[in-house]
Amino acid sequence: MCDFIQGTYKKGIFMIYTIDEMKEQAVVLGKHIVNTHETVRQTGLRYSLSKSTVHSRVTVLLPDINAELFKQVRVVMESNFNDRQRRGGVAVHKKDKVGKT
């Protein structure tokens, strides 16, 4: 019996992943995020996966597989989140400044 745990669409084809494939994917995605500092969305586009799939692989599976890699991924993800918050604040500031003129 083979343990199939998740099915997702990849380029219009329904893919079913085994637990081992998902664990391997989690490590590959985690290493990629640490090396490139890409966002979850950018990583998903590069690997033809949804951002939800990338996020679940690196936040749910990765801690049990490789805790040290997970810590590094979490630092990058927090940095990306803070950058997004900063960009949003700058955009609001610019919008308010233009609107007051």
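This is a short dialogue on reading a predicted model.

Q: Where do I start? Which elements does the protein have, and how do they run from the N terminus?
A: Start with the inventory. The protein has 4 helices and 2 strands. From the N terminus on, the order is β-β-α-α-α-α.

Q: How many residues does the protein have, and what percentage count as buried?
A: There are 101 residues, and 28% of them count as buried.

Q: What do the contacts say about residues far apart in sequence?
A: Take the contacts between residues at least 6 apart in sequence. Of these, 47% join residues at least 24 apart.

Q: Let me try one residue. Where is Gln 25 placed?
A: Gln 25 belongs to helix H1, which covers residues 19-36.

Q: Is Gln 25 buried or exposed?
A: Compare its relative accessible area with the cut-off. Buried means under 20%. Gln 25 has 15%, so Gln 25 is buried.

Q: Which residues is Gln 25 in contact with, beyond its neighbours within four places in sequence?
A: Its partners are Tyr 17, Leu 49 and Arg 57. A C-alpha distance adds to the picture. Gln 25 and Val 58 are 33 residues apart along the chain, and their C-alpha atoms are separated by 8.9 Å.

Q: Tyr 17 and Arg 57 both came up. Where does Arg 57 lie relative to Tyr 17?
A: Arg 57 sits over the face of Tyr 17. The distance from the ring centre is 5.3 Å.

Q: How are aromatic pairs read, and how many are there here?
A: A pair of rings is described by the distance of the centres and the angle of the planes. In this model the count is 0 aromatic pairs.

Q: Now for empty space. What is the volume of the largest pocket?
A: A probe the size of a water molecule, rolled over the atoms, shows where empty space is left. Here the largest pocket has a volume of about 360 Å³.

Q: Which elements give two or more residues to the lining of the largest pocket?
A: They are helix H2 (40-46), helix H3 (51-65) and helix H4 (67-99). H4 gives the largest share, 6 residues.

Q: Which residues line the largest pocket, and what is the lining by class?
A: Look for Thr 39, Val 40, Arg 41, Lys 51, His 55, Met 77, Asn 80, Phe 81, Asp 83, Arg 84 and Arg 87. By class, the lining has 5 charged, 3 polar and 3 nonpolar residues.

Terms used. Residues numbered from 1 in each chain as written. Predicted model: local features only at pLDDT ≥ 70, side-chain atom pairs only at ≥ 80, totals over all residues. Heavy atoms only, no water. 1 Å grid on protein atoms, 1.4 Å probe; cavity = no way out; pocket = protein on both sides within 12 Å on 5 of 7 lines; lining within 4 Å. Points joined across faces, edges and corners; volume = space filled by probe spheres on them. Nonpolar A, V, L, I, M, F, W, Y, C, P; charged D, E, K, R; others polar. Phe/Tyr/Trp six-rings, centres within 6.5 Å; stacked < 30°, edge-to-face > 60°. Lys NZ or Arg CZ within 6 Å of the ring centre and 35° of its normal. Buried < 20%, exposed > 50% of the residue type's maximum accessible area, 1.4 Å probe, protein only. Contact = heavy atoms within 4.5 Å.
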